[in-house]
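This briefing is intended for a reader at the bench who has the sequence and the coordinates at hand. Please consult the structure shown here alongside the points below.

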Amino acid sequence: LDGKKIGCLDSDDGGYINSLKILPDGSNLYKVTDLNNGWLFVSGGDKHKPGGDFGIESKKTFFWDKAKKKFINGPDMTCQRDYFEVTPLPDNKWFISGGMPMVVKRTKTEEFAISPMVVDILDLKTKTITQGGSLLVDRVSHSVLPLDKKRVLIAGGQTFNGKTPNGMESKSIELYNLDTHTSKEIGELCRARKAGTLLRLNDKEVLVVDGYNSDSEEDDHNLPPEIIKLPN
């Protein structure tokens, strides 16, 4: 980030995941997103305790000034997140959703977890984060596509739902309303998938390509494309 090898960044759909060095708050595995204004948005991550196997997700954020090569403290997210999605919206805002789950229940043999379902909105004009509504399904590695100034399409991903210790791929499709901060289910994918790509075809259709699920991992992660029909 600063020419001194603070971290090694791996590109992932326009964002970046860091897995080597730590942030000023002690986090690694944080998300780095290019805001296309000379800054990077560095957020979330995982803070490992010394000698511990599992870390604690972070809700801290920072802005990295490319020109001045320094960190600027950013607003906290409203919940702790790791491996989440940061998606550009109109009007200089960003949609923050999903993330790696935190343990919510333990038994003698298993741990059950759920990903953050609340949505955060980053406003670059005010440099603030405000809490939006909640997704209907907890998700990691989901697909997000803003359709216009009012609607955001969310599909697939891996869900833990507090019942499956290792998670499972989801077929769920929901439409989030940025005006009312509410979400509604609009159908299901033909094949459950995570890490898919959404491509807008026209006002009525979105193409879903790529992605994979547990059944497809032995077959080069290939899944057939499909089309999501958008509601009127």
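The points below concern one sheet, a histidine, several salt bridges, an isoleucine and two cysteines.

The model is predicted. Its open sheet of four strands follows the order E9-E10-E13-E14 and pairs in antiparallel fashion. Nine salt bridges are counted in the structure, and a search of the whole structure returns zero disulfides.

**The four-stranded sheet**

- Strand E9 (85-89) and strand E14 (128-134) occupy the edges; each has a single partner strand, so one side of each is left without a neighbour in the sheet.
- From one strand to the next, the twist averages 25°.
- Strand E10 (residues 93-97) runs antiparallel to E13 and is joined to E13 by four bridges.
- Strand E13 (residues 118-123) is joined to E14 by five bridges, again in antiparallel orientation.
- E13 and E14 form a hairpin with four residues between them, and Lys127 in the turn has a positive phi of about 55°.

**Strand E13 and its surroundings**

- Six of the six residues of E13 are buried, so this strand is largely enclosed by the rest of the structure.
- In a regular strand, side chains alternate between the two faces of the sheet.
- On one side of E13 lie Val118, Asp120 and Leu122, and on the other Val119, Ile121 and Asp123; all are buried, and both faces of the strand are thus covered.
- Asp120 is the bridge partner, in E13, of Ile96, and the bridge partner of Asp120 in E14 is Gln131.
- Leu122 has Ile129 as its bridge partner in E14.

**A salt bridge that involves E13**

- Asp120 also forms a salt bridge with Arg81, with the closest N and O atoms 3.5 Å apart.
- This pair links distant parts of the chain: Arg81 belongs to the loop between strand E8 (70-73) and E9, whereas Asp120 belongs to strand E13, and the two are 39 residues apart.
- Are the two partners buried or exposed? Arg81 counts as buried because its relative accessibility is 0%, and Asp120 counts as buried because its relative accessibility is 0%.

**Further salt bridges**

- Glu169 forms a salt bridge with Lys194, the closest N and O atoms lying 3.7 Å apart.
- Here too the pair links distant parts of the chain: Glu169 is in strand E18 (residues 168-169) and Lys194 is in the loop between E20 and strand E21 (197-200), 25 residues apart.
- Glu169 counts as buried at 13% relative accessibility, and Lys194 is buried with a relative accessible area of 11%.
- Arg200 forms a salt bridge with Asp203, for which the closest N and O atoms are 3.7 Å apart.
- Arg200 is partly exposed, with a relative accessible area of 32%, while Asp203 counts as exposed at 61% relative accessibility.

**His142**

- His142 is located in the loop between E14 and strand E15 (143-146).
- With a relative accessible area of 4%, His142 is buried.
- The side chains of His142 and Ser97 make a polar contact (2.9 Å).
- Apart from residues up to four places away in sequence, His142 touches Glu85, Ser97, Gly98, Ile154, Ala155, Gly156 and Gly157.

**Ile186**

- Strand E20 (residues 182-188) contains Ile186.
- Ile186 counts as partly exposed, at 23% relative accessibility; the cut-off for a buried residue is under 20%.
- Which residues does Ile186 touch, not counting residues up to four places away in sequence? Ile186 touches Leu153, Ile173, Glu174, Leu175 and Pro231 under that condition.
- Ile186 and Ile228 are 42 residues apart in sequence, and their C-alpha atoms are 9.2 Å apart in space.

**Cysteines**

- Are Cys79 and Cys190 buried or exposed? Cys79 counts as buried at 15% relative accessibility, whereas Cys190 counts as exposed at 59% relative accessibility.
- The search for disulfides, which covered the whole structure, finds zero.

Note on methods:
Residues are numbered from 1 along each chain as its sequence is written. This is a predicted model: local features need pLDDT of at least 70, side-chain atom pairs count only at pLDDT 80 or more; totals for chains, interfaces and linings use all residues. Side-chain values use heavy atoms; hydrogens and water are left out. A disulfide is a pair of cysteine sulfur atoms within 2.5 Å. Buried means under 20% relative accessible area, exposed over 50%, partly exposed in between (1.4 Å probe, protein chains only). Contact means heavy atoms within 4.5 Å. Two strands pair if DSSP finds at least two bridges between them. Axes are lines fitted to C-alpha atoms, for helices over the stretch in contact, and angles run from 0 to 180 degrees between N-to-C directions. A polar contact is a pair of N or O atoms within 3.5 Å; within protein, one must be able to donate a hydrogen and the other to accept it, and residues adjacent in sequence count only if both atoms are side-chain atoms. A salt bridge is a side-chain nitrogen of Lys or Arg within 4 Å of a carboxyl oxygen of Asp or Glu.
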